[in-house]
Amino acid sequence: MNLEALFDAVIVKPLENEETQYGSIFVPDMGKDKNEKGTVVAVGPGVHTVTGTFVETVVKIGDVVIMPTMGFTKIEYNGDEYYVGNEKQLLAKITKIEE
């Protein structure tokens, strides 16, 4: 991947939204105000505080996270959609995906 996160930024690739199927008709999960899940694809090293201490980022590449409904910037790169935002804006990290 050629995208590199800077400072305390994270780049997240959204997971596919679930679609409901009625017979042969697919109904996308649109219009619902739900938090987006995604996989972290790039993480910045961290950020310096006002006092000069360095705070490393906590999330790692490959983590599945929950993003807020607003706040992350949506970008398109090489035909794929990504979200970019500060690590502190993430709502949660999913440690085990239920099936």
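User: Why is Phe7 called exposed?

Analyst: Phe7 has a relative accessible area of 58%. Exposed means over 50%, buried under 20%, and partly exposed in between, with a 1.4 Å probe and protein chains only, so Phe7 is classed as exposed. This is a predicted model, in which local features need pLDDT of at least 70, side-chain atom pairs count only at pLDDT 80 or more, and totals for chains, interfaces and linings use all residues. Residues are numbered from 1 along each chain as its sequence is written, and side-chain values use heavy atoms, with hydrogens and water left out.

User: What is notable about the phi of Phe7, and where does Phe7 lie?

Analyst: Its phi is positive, about 50°, although Phe7 is not a glycine. Phe7 belongs to the segment before E1; helices (H or I, at least four residues) and strands (E, at least two) are DSSP runs numbered from the N terminus.

User: Which residue in the loop between strand E8 (73-77) and E9 is found there, and what makes it count as exposed?

Analyst: Asn78 is found in that loop. With a relative accessible area of 66%, Asn78 is exposed. Its phi is near 50°, again a positive value in a residue other than glycine.

User: What makes Asp80 and Lys13 a salt bridge?

Analyst: The term requires a side-chain nitrogen of Lys or Arg within 4 Å of a carboxyl oxygen of Asp or Glu. The closest N and O atoms of Asp80 and Lys13 are 3.6 Å apart, so the pair meets the criterion. The two residues link distant parts of the chain, Asp80 in strand E9 (residues 80-86) and Lys13 in strand E1, 67 residues apart. Asp80 is partly exposed at 32% relative accessibility, and Lys13 is partly exposed at 30%.

User: How many salt bridges are there by this rule, and which other pairs form one?

Analyst: The count comes to three. The side chains of Asp63 and Lys93 meet at 3.8 Å, N to O. Asp63 lies in the loop between strand E6 (54-56) and E7, and Lys93 in strand E10 (residues 92-94), so this pair ties together parts that are 30 residues apart in sequence. Glu81 pairs with Lys74, the closest N and O atoms being 4.0 Å apart.

User: Is Asp63 buried or exposed, and how do Lys93 and Glu81 count?

Analyst: Asp63 has 17% relative accessibility and therefore counts as buried. Lys93, at 42%, is partly exposed, as is Glu81 at 36%.

User: Why does Asp8 have no salt bridge?

Analyst: The nearest side chain of opposite charge, Lys88, is 5.3 Å away, so the pair does not satisfy the rule. For charge, Lys and Arg count as positive and Asp and Glu as negative, while His and the chain ends are not counted. Asp8 is buried and lies in the segment before E1. It touches Gly46, Val47, Thr57, Gly85, Asn86 and Glu87, not counting residues up to four places away in sequence; contact means heavy atoms within 4.5 Å.

User: What makes up the largest nonpolar core?

Analyst: A nonpolar core is a set of buried Ala, Val, Leu, Ile, Met, Phe, Trp, Tyr and Cys residues joined through side-chain atoms within 4.5 Å. The largest has nine residues: Val10, Val12, Val40, Val59, Val65, Met67, Phe72, Tyr83 and Leu90. Strand E1 (9-14) and strand E7 (64-67) are the elements that give two or more residues to this core. Apart from it lies another core, of six residues, including Ala9, Ile11, Ala42 and Tyr82.
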